[in-house]
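Here's a walk through the model you have open, going from single residues to helix pairs and back again. Keep the 3D view handy as you read.

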Amino acid sequence: GAYLKKKGENRAIHDDISNLVDQVRAVTQTTKEIEAKISTDVWNEQKRWEMKREVLFGAAKSILAVDDGLVSLDTLLRMDDPDGDQWAEARLKATRAWREALRQFDETKILTGIVCSKETVFLFEELGIFASNLGAKLAEKDKDIYRASSQALGLHLARARFAIRKELGIDIATAASVSK
């Protein structure tokens, strides 16, 4: 009887150990799956962040090019001989540069539409419309339009820059108050 009792206890211990091993194996497998999912999620989040950052840095450069193009067109209107050959050549060069800057800004708007908030997309659209209209008036030789529009242009540019800062998580409190 004692032998069978001891054998039964050993068998029970063996079964308990087998159950524990199975449970540990299941917990280990689940832990590995969770770690893999977290790792994948972190990786994906990092890649999204890198893409967003790249788009926003490109957007900042694009905004600068639009502003530079407008300044160039305005500067040409202030030259002494707006009907001379050199002026016409300079105007053609500046107009081409302006159109290229506007084209690049259109690409920027498409990319920001993919990776940014609706608010940022809206602010970029507003800037694009305003800058396009201002550039068209400058191309039509409206000498006063740039100065008359400089405050509004500055506000559009500032809002776009602060939207970029907000998207990047830089100085969010200031960015939120200026974009309103």
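## Starting on the first helix

Isoleucine 17 sits in helix H1, which covers residues 2-77. Bear in mind that this is a predicted model. Is isoleucine 17 buried, exposed or something in between? Its relative accessibility is 47%, so it counts as partly exposed; the cut-off for exposed is over 50%. If you want a feel for the distances here, go from isoleucine 17 to threonine 40: that's 23 residues in sequence and 34 Å in space, C-alpha to C-alpha.

Lysine 61 is another residue of helix H1. With a relative accessible area of 63%, lysine 61 is exposed. Its C-alpha lies 26 Å from that of asparagine 44, and the two are 17 residues apart in sequence.

Then there's aspartate 74, also in helix H1. Here the accessibility drops to 8%, so aspartate 74 counts as buried. What does aspartate 74 touch, once you leave aside its neighbours within four places in sequence? Its contacts are Leu138, Lys143 and Tyr146.

## The overall picture

Zooming out, the protein has five helices and zero strands. Read from the N terminus, the order of elements is simply α-α-α-α-α.

How does the radius of gyration square with a compact globule of 180 residues? Such a globule would come out near 16 Å, but this protein has 32 Å. The box that holds the C-alpha atoms, taken along the principal axes, is roughly 120 × 35 × 20 Å. Of the 180 residues, 28% count as buried. Now look at contacts between residues at least 6 apart in sequence: 69% of them join residues at least 24 apart.

## H1 against H2

Helix H2 takes in residues 85-115, and it packs on H1 at an angle of about 155°, with the two axes 8 Å apart. That angle makes H1 roughly antiparallel to H2, because anything over 145 degrees gets that label. H1 passes H2 in a left-handed crossing. Sorted by class, the residues in this contact are 18 nonpolar, eight polar and two charged.

## H2 against H3

Next along, the axes of H2 and H3 come within 10 Å and cross at roughly 165°. H2 and H3 are therefore roughly antiparallel to each other. Their crossing is left-handed.

Which residues make this contact? On the H2 side you'll find Arg91, Trp98, Leu102, Phe105, Thr108, Lys109, Thr112 and Gly113. H3 brings in Val121, Phe124, Glu125, Leu127, Gly128, Ala131, Ser132, Gly135 and Ala139. By class, the contact of H2 with H3 comes to eight nonpolar, six polar and three charged residues.

## H3 against H4

The last pair to look at is helix H3 (residues 118-139) with helix H4 (residues 145-168). Their axes come within 9 Å and cross at roughly 155°. So H3 runs roughly antiparallel to H4. H3 passes H4 in a left-handed crossing, and the contact between them has 14 nonpolar, three polar and six charged residues.

Try finding histidine 156, which belongs to helix H4. Is histidine 156 buried or exposed? With a relative accessible area of 15%, histidine 156 is buried, since the cut-off for buried is under 20%. Not counting residues up to four places away in sequence, histidine 156 touches Glu126, Leu127 and Phe130.

## The loop between H3 and H4

Where is lysine 141? Lysine 141 is in the loop between H3 and H4. What stands out about its backbone is a positive phi of about 70°, although lysine 141 is not a glycine. As for its surroundings, lysine 141 has a relative accessibility of 38%, so it counts as partly exposed.

Technical notes. Residues are numbered from 1 along each chain as its sequence is written. This is a predicted model: local features need pLDDT of at least 70, side-chain atom pairs count only at pLDDT 80 or more; totals for chains, interfaces and linings use all residues. Side-chain values use heavy atoms; hydrogens and water are left out. Helices (H or I, at least four residues) and strands (E, at least two) are DSSP runs, numbered from the N terminus. Buried means under 20% relative accessible area, exposed over 50%, partly exposed in between (1.4 Å probe, protein chains only). Contact means heavy atoms within 4.5 Å. Axes are lines fitted to C-alpha atoms, for helices over the stretch in contact, and angles run from 0 to 180 degrees between N-to-C directions. Angles under 35 degrees count as roughly parallel, over 145 as roughly antiparallel, 65 to 115 as roughly perpendicular and the rest as oblique. A crossing is left-handed if the near helix is turned anticlockwise from the far one by less than a right angle, and right-handed if clockwise. Ala, Val, Leu, Ile, Met, Phe, Trp, Tyr, Cys and Pro count as nonpolar, Asp, Glu, Lys and Arg as charged, and the others, Gly among them, as polar. The radius of gyration is taken over C-alpha atoms; the globule rule is 2.2 Å times the number of residues to the power 0.38.
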